[in-house]
Every structure is written in structure tokens, then in C-alpha cells.
Amino acid sequence: PINSAQAEGEPFIAPDGSYLLFSRDMDLYVTFLQKDGLWTEPLPLGPGINTRAYELCPQVSADGRYLFFLSSRTGENAAFWVEAGFLEEMRKTAHLPSASGVLQDALETGGVAAGQARAKELLAAPDRFRFDEAALNALGYRHLQAGRRAEAILVLEIGAAAFPNSW
């Protein structure tokens, strides 16, 4: 949800009101207005924009072609811009359930066996879920850090299967 307990700010709403860009914990996110009047779960803009540095103040040009933002990726705060077409691509899958969230729910409620069953469903119907490589990696590493090795391996294997060119 938006207005979470995390540090959020610098909102930019699209001129037509169809999406909202904002910063959360120094990364940039987008949420889309759905037909039912509710907003989608906020999505990070991804590794092409979000880095280990700070990203703030998202704005889209009046013609909708460019996303401008501030980043400290060079060691100093500087303005950056990218083509904004990727936002429309994100809109297409924003309403889908997160694969990492679905997998985490299965692991929490039914353990590794339930996670393995759910993983098969995820990979068998990838068009029914939103796969986010960074989210899967983060989930895998959280399980690893918590000493849940079987869960970590399962999550990271799903990431490798969903994003084979990254491994």
C-alpha cells in the first residue's frame, strides 16, 4: 500500500491521474489506478533506475516521453532521465499477484512442500503472476540469512528458472 510506515515522499501524479510515482526509502516506485478505483500494490521501478544510491523526485515530462529523477549514483546528487515507455509495460502486469509474495505465503503457511507445489504453479503459468527478479533474490537471501536454507534454495531456483539469462 501507499502511505506505509516506510519513508515515502516526492509524489508525482500523472496528468490523467492514472499512475502515481513516489520515492520510498530512497528508491522510486509506481502504483497504477485500477478500474475499480483502487491503486495497485506499489512496484519498484527496477534496477535500471533504482540503485544502491538514493533516487528521489520522480517527474514525467509533459508529453509523457521521459522520466526525470535525482540520484546520488555518481557520488553527488544529479539529475537523470530515461525514456518513460517502460511505465506502460509495467502497467500491463501491475494487477497480477507478485510471484515472490505468492511463494512467501505458501512457505509461511505450508512450509517447503507447499512452496514447492506453488513454485510449480508459478512456473507453469508465468502470465498469471508478476515476476520480479530483485524481489525473488531478496526473498531468497532473507531466508538464507534466517537459516532457512531449503526455503532459500527453492526461491533462488525459481528466480533462476524465471530469469535464466541472469544466472
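How do α2 and α4 run relative to each other: roughly parallel or roughly antiparallel? Let's find out with a short tour of this predicted model.

**Stop 1: two helices**

Select residues 99–124, which form helix α2, and then residues 149–162, which form helix α4. Turn the view until you can follow both axes: they come within 11 Å and cross at roughly 25°. Angles under 35 degrees count as roughly parallel, so that is how α2 and α4 lie to each other. Look also at the sense of the crossing, since α2 passes α4 in a left-handed way.

**Stop 2: where the helices touch**

Now show the side chains at the contact. On α2, pick Leu103, Leu107, Val112, Gly115, Gln116, Ala119 and Leu123. On α4, pick Ala150, Glu151, Leu154, Val155, Ile158, Ala161 and Ala162. Try colouring these residues by type: you will find 11 nonpolar, 2 polar and 1 charged in this contact.

**Stop 3: the largest pocket**

Next, move to the largest pocket, with a volume of about 940 Å³. To centre your view, select Pro44, Arg130, Asp132, Ala134 and Ala135, which are the closest to the pocket's centre among its 30 lining residues.

Which elements should you highlight around this pocket, each supplying at least two residues of the lining? They are β3 (27–32), β4 (43–44), α1 (86–93), α3 (133–145) and α2, the helix you met at the start. Give α3 its own colour, as this helix provides the largest share of the lining, 7 residues.

Finally, colour the pocket lining by type: here you will see 13 nonpolar, 9 polar and 8 charged residues.

Note on methods: Residues are numbered from 1 along each chain as its sequence is written. This is a predicted model: local features need pLDDT of at least 70, side-chain atom pairs count only at pLDDT 80 or more; totals for chains, interfaces and linings use all residues. Side-chain values use heavy atoms; hydrogens and water are left out. Axes are lines fitted to C-alpha atoms, for helices over the stretch in contact, and angles run from 0 to 180 degrees between N-to-C directions. Helices (H or I, at least four residues) and strands (E, at least two) are DSSP runs, numbered from the N terminus. Angles under 35 degrees count as roughly parallel, over 145 as roughly antiparallel, 65 to 115 as roughly perpendicular and the rest as oblique. A crossing is left-handed if the near helix is turned anticlockwise from the far one by less than a right angle, and right-handed if clockwise. Contact means heavy atoms within 4.5 Å. Ala, Val, Leu, Ile, Met, Phe, Trp, Tyr, Cys and Pro count as nonpolar, Asp, Glu, Lys and Arg as charged, and the others, Gly among them, as polar. On a 1 Å grid over the protein atoms alone, a cavity is a set of points where a 1.4 Å probe fits but cannot get out, and a pocket is an open set with protein on both sides within 12 Å along at least five of seven lines; lining residues have an atom within 4 Å of a point. Grid points are joined across faces, edges and corners, and a volume is the space filled by probe spheres set on the points.
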